[in-house]
Amino acid sequence: VTTLQETLASQLPAKQTQLATLKKEHGSKVIGQVTIDQLIGGARGVKCMLWETSNLDPEEGIRFRGLTIPECQQVLPTYSGKAGDGEPLLESLIWLLLTSEVPTKEQVDTLTAELHQRASKLPSHVIPLINSLPKDMHPMTQFSIGLNAAQTGSEFAKAYANGVPKNEYHKYALEDILNVFAIIPEIAAQIYRNVYFDGVVTKDQSLDYSGNFCRMLGYDDPSFDELMRLYLCIHTDHEGGNASAHTTHLVGSTLSDPYLSYAAGLNALAGPLHGLANQEVLRWIQALQAKFEAEGKEVNAETITEFAWETLNAKKVIPGYGHAVLRKTDPRYSCQREFGLKHMPDDPLFKIVETIYSVMPGILTEHGKVANPYPNVDSHSGVLLWHYGFTQYQYYTVLFGVSRAVGGLCQLYWDRALGLPLERPKSHTPEWLETFAKNN
Ligand code: NMX
Ligand code: MLT
C-alpha cells in the first residue's frame, strides 16, 4: 500500500514546477480588478488567494478536488468498505484533499490506524487544563484554548527553532497536521463530556475516526456514526476565502505552526456570521417555538413568516440563510436534507426546517437586501444532531471546528510545500481613496 507520505512526496516536484511555470510564464497577467466597493465591502469577489483543495461555484456549490458532494458519496471509501454504501469516511476526505487522489479502502485503513496511533501525541497537560476551565465558558473558547495548549507538541516549531532549511518545512508541517487531526477529537470530546456530562471520555479505536469520535462524545448508534461521517466530510473545506480557512492560511503564512494557525482559524469560526450560525439556527427555532406555544399557536408557514419578519424588522439576521459566495441552496444543506428524509422524515424539528425552507427564500427576496435568499450548511446541521438527542446546541460549532481543521490544514501543507510567502495585502486610508476617486 502506498502511504500518504509517499504519495505526497511523489507529487511535490511536479506541483512546485507547475507554480514556478505559472509565475514565470504568466506572472504578469491580470485576473481581475478591485473597486472601492470591494475594498470597503469585505473583499467580496476579489481574486487574491491560491487554494488547492477545493473550489466554490456560486451556483453549483463546493467541489472537493473537483468532486461534488454526491460524487464524493459515490466514489470515496465508506465504513462498510464499499463506495456508495453509506457516507464517506473522513479519512478518505483527508486523503483526497491532500493528494487530489481517490484513495483505496486499504489506504484509508492505514490512515485510520496512523491517526489512532498519533492520538497519543496529545500532550499530557492538555486534558487537565481543559478540566480546569469554567463549565460556562463557551465550548469554542475551550476548544481554542485546548489546541493552543497542545502546541507544545509542534514538530514544526521545534524544527524551525533548530534552523531547518525552508525546503524542508513541509515535512514538519505534515507531522503537525496529522497530529492535530489525531488529537482534536479527544480535546473536543473532553469539552463536551465536561460541560454537559460526567467528564468521562471512552475511546473505541477499532472504529474509524468518526465512529471513535462518536464513542468519545458518548454516542453509540450506527446511524449517528453515519451522520457524523457525513457531517465531518461536508464541513471540511469551502475554498480559501471563508474566514476560518483564510485565517489559518494567513496565520500560517507567518510560519506560525499548524497548531497556532488552526487555533486562530477556530476563533474565526466562532463568530455568529460564520460557524456559530449553526447554534444560532437552533436558538432561533427554539425562540420561535416558545413564542407560539405561549400564544397557543401552531408552528406553521404562517407563524414562521411572522417570526421571520419580526427578526428582520429588529435588524437581525436569519441564521442559516444567505452566503458570501453561494447564490443557490447550499449542496451541503441538500445532502443533509437527503439524510433527514432517509433517516427521520417524521421528526417534528426536521419538518419545521422543511417549512422554514418553503417560505424563507420568498421572505428574504421580498426583504430585498440579501444577495442569496437560500439556506447554507448551518441551517440544517443542528436539527439532524438534535434528532439523536444531541441537543446541546452551544457545542455545535465545535463539531464544525473538528471538520474544518481538515480543509484548512491540508491546504496549509501545500502552502509550506509550495513555499508560499507571507500574506500581506495593501490597505488604504479613506483620504487616499477620496483623492484617488477625485483624480480618476
Ligand atoms: N438575514 C437577514 N439579512 C441578511 C441575511 C440574512 N440571513 N444575509 C444577508 N443579509 C443582509 C446583510 O446583513 C446585508 O445587510 P446590510 O446591507 O444592512 O449590511 C445585506 O443583506 C447584504 O448582504 P449579502 O451581500 O447578502 O451577504 P454577505 O456576503 O455580506 O454576508 C453572510 C454573508 C453569510 C454573513 C450573511 O448572509 C449572513 O449574515 N447570514 C446569516 C448568518 C449565517 O447563516 N452565517 C453562516 C454562513 C455559513 N457558514 O457556515 O459560515
Ligand atoms: C464555510 O463553510 O466556510 C461557509 O459556508 C462560509 C463561506 O464559505 O464563506
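With 18 C-beta neighbours inside 10 Å, Arg 193 counts as partly exposed (buried means 20 or more other C-beta atoms within 10 Å of a residue's own, exposed means 12 or fewer, partly exposed is in between, and C-beta atoms are placed from the backbone). This is a predicted model, in which local features need pLDDT of at least 70 and side-chain atom pairs count only at pLDDT 80 or more, while totals for chains, interfaces and linings use all residues. Residues are numbered from 1 along each chain as its sequence is written, and chains are lettered from A and ligands numbered from 1 in the order in which they are written.

**Arg 193 and helix H9**

- Arg 193 sits in helix H9 (helices are DSSP runs of H or I with at least four residues, strands are runs of E with at least two, and both are numbered from the N terminus).
- Leaving aside neighbours within four places in sequence, Arg 193 is in contact with Asp 198, Gly 199, Val 200, Val 201 and Gly 218 (contact means C-beta atoms, placed from the backbone, within 7 Å).
- Arg 193 and Leu 217 are 24 residues apart along the chain, and their C-alpha atoms are separated by 6.6 Å.
- The axes of H9 and helix H13 (residues 258-269) come within 9 Å and cross at roughly 50° (axes are lines fitted to C-alpha atoms, for helices over the stretch in contact, with angles from 0 to 180 degrees between N-to-C directions).
- That crossing makes H9 oblique to H13 (under 35 degrees counts as roughly parallel, over 145 as roughly antiparallel, 65 to 115 as roughly perpendicular, and the rest as oblique).
- On the H9 side, Ala 173, Asp 176, Ile 177 and Val 180 meet Pro 258, Tyr 259 and Tyr 262 of H13.
- The residues of this contact divide into six nonpolar, no polar and one charged (Ala, Val, Leu, Ile, Met, Phe, Trp, Tyr, Cys and Pro count as nonpolar, Asp, Glu, Lys and Arg as charged, and the others, Gly among them, as polar).

**Helix H10**

- Helix H10 (residues 209-217) is largely enclosed by the rest of the structure, because eight of its nine residues are buried.
- The buried set is Tyr 209, Ser 210, Gly 211, Asn 212, Phe 213, Cys 214, Met 216 and Leu 217.
- These buried residues pack against helix H4 (90-99), helix H5 (105-118), helix H9 (169-196) and helix H11 (222-234).
- Gly 218, just after H10, takes a positive phi of about 110°.

**Ligand surroundings**

- There are 21 residues around ligand 1, and Ala 277, Val 317, Gly 322, Ala 324 and Ala 371 come nearest (a residue is near a molecule or strand if its C-beta atom, placed from the backbone, lies within 6 Å of it).
- The shell of ligand 1 has eleven nonpolar, seven polar and three charged residues.
- Around ligand 2 stand His 238, Asn 242, Ala 324, Val 325, Asn 376 and Val 377.
- The ligand 2 shell divides into three nonpolar, three polar and no charged residues.

**Strands S1 and S2**

- Strand S1 (residues 54-57) and strand S2 (residues 61-64) pair in the antiparallel sense over four bridges (two strands pair if DSSP finds at least two bridges between them).
- S1 and S2 form a hairpin with three residues between them.
- Ser 54 has Phe 64 of S2 as its bridge partner.
- In a regular strand the side chains alternate between the two faces of the sheet.
- Along S1, Ser 54 and Leu 56 point to one face and are buried, while Asn 55 and Asp 57 point to the other and are not.

**Positive phi outside glycine**

- Most residues other than glycine have a negative phi.
- Ser 100 is not a glycine, yet has a positive phi of about 65°.
- Ser 100 lies in the loop between H4 and H5, and counts as partly exposed with 16 C-beta neighbours inside 10 Å.
- Lys 315, also a residue other than glycine, has a positive phi near 60°.
- Lys 315 lies in the loop between helix H15 (301-313) and helix H16 (331-343), and counts as exposed with 6 C-beta neighbours inside 10 Å.

**Asn 440**

- Asn 440 is in the segment after helix H20 (430-439).
- With 6 C-beta neighbours inside 10 Å, Asn 440 counts as exposed.
- The C-alpha atoms of Asn 440 and Pro 421, 19 residues apart along the chain, are separated by 32 Å.

Terms used. Two residues are in contact if their C-beta atoms, placed from the backbone, lie within 7 Å.
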